[in-house]
Amino acid sequence: MTRFLIATGAVSAALSVVLGAFAAHGLKSRLPVEILAVFQTGVQYQFYHSLGLILVGILTRLHKGSTLLTAAGLLMLAGILLFSGSLYIISTTGLRSLGIITPIGGVIFIVAWLMLAVGICRK
């Protein structure tokens with residue numbers, strides 16, 4: 001699982017750079033500034049939590065596959081998909097109804113970081 005978390009974090013980080021460049025060069029002239037900012041928020045949170053996935057993968061390896069740490073990493077991945085993914089879809093398609101998903105992803109991010117803290121404290 002550690003390899004999965006680290007590799008997924010690295011791929012997600014690379015994808016966030018690609019999406020950031022896409023926003024800066026491909027969407028800048030097509031989207032209003034406030035909608036572009038929504039997309040960029042998705043990119044930022046994806047990048048931060050991609051680094052979090054890498055960190056959790058390393059810590060999971062150091063702490064011999066802790067279940068709490070693994071769960072924290074999987075929750076970070078779910079948060080990326082729900083939070084950032086919903087922002088990407090909302091900003092590029094205008095489907096505002098998906099806005100209900102974004103805060104769920106945000107709560108998942110918070111739970112993931114708290115699980116990381118508890119997992120480290122238990123070791």
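Tutor: Helices here are DSSP runs of H or I with at least four residues, strands are E runs of at least two, and numbering starts at the N terminus. The model is predicted, with local features needing pLDDT of at least 70 and side-chain atom pairs pLDDT 80 or more, while totals for chains, interfaces and linings use all residues. Residues count from 1 along each chain as its sequence is written, and side-chain values use heavy atoms, without hydrogens or water.

Student: What pattern does the protein chain follow along the sequence?

Tutor: Its secondary structure comes to four helices and zero strands. Read in order, that gives α-α-α-α.

Student: What is the radius of gyration of the protein chain?

Tutor: The globule rule (2.2 Å times the number of residues to the power 0.38, with the radius taken over C-alpha atoms) gives 14 Å for 123 residues. The chain comes close to that, so it is as compact as a globular protein of that length. Its C-alpha atoms fill a box of roughly 50 × 25 × 15 Å along the principal axes. The radius itself is 15 Å.

Student: How far apart are the end C-alpha atoms of α1?

Tutor: Helix α1 covers residues 2-27. The expected span is 1.5 Å times one less than the number of residues, and for the 26 residues of α1 that makes 38 Å. The model agrees, with its ends apart by 35 Å.

Student: Which helices do the buried residues of α1 pack against?

Tutor: Buried means under 20% relative accessible area, exposed over 50%, and partly exposed in between (1.4 Å probe, protein chains only). In α1 the buried set includes Leu5, Ser12, Leu19 and Ala23. Their packing partners, by contact (heavy atoms within 4.5 Å), are α2 and α3.

Student: Why does Ala24 count as partly exposed?

Tutor: Ala24 also sits in α1, and its C-alpha is 8.8 Å from that of Gln40, 16 residues away in sequence. Ala24 is called partly exposed because its relative accessible area is 38%.

Student: Which helix gives the largest share of the nonpolar patch?

Tutor: Patch members have over 30% relative accessible area and no salt bridge (Lys or Arg side-chain nitrogen within 4 Å of an Asp or Glu carboxyl oxygen); nonpolar side chains (Val, Leu, Ile, Met, Phe, Trp, Tyr) are joined within 5 Å, like charges within 9 Å. Val17, Tyr45, Phe47, Tyr48 and Leu51 form this one, with about 460 Å² of accessible area together (Shrake-Rupley, 1.4 Å probe, with the protein chains shown as cover). Tyr48, for one, is partly exposed at 46%. Four of the residues come from helix α2.
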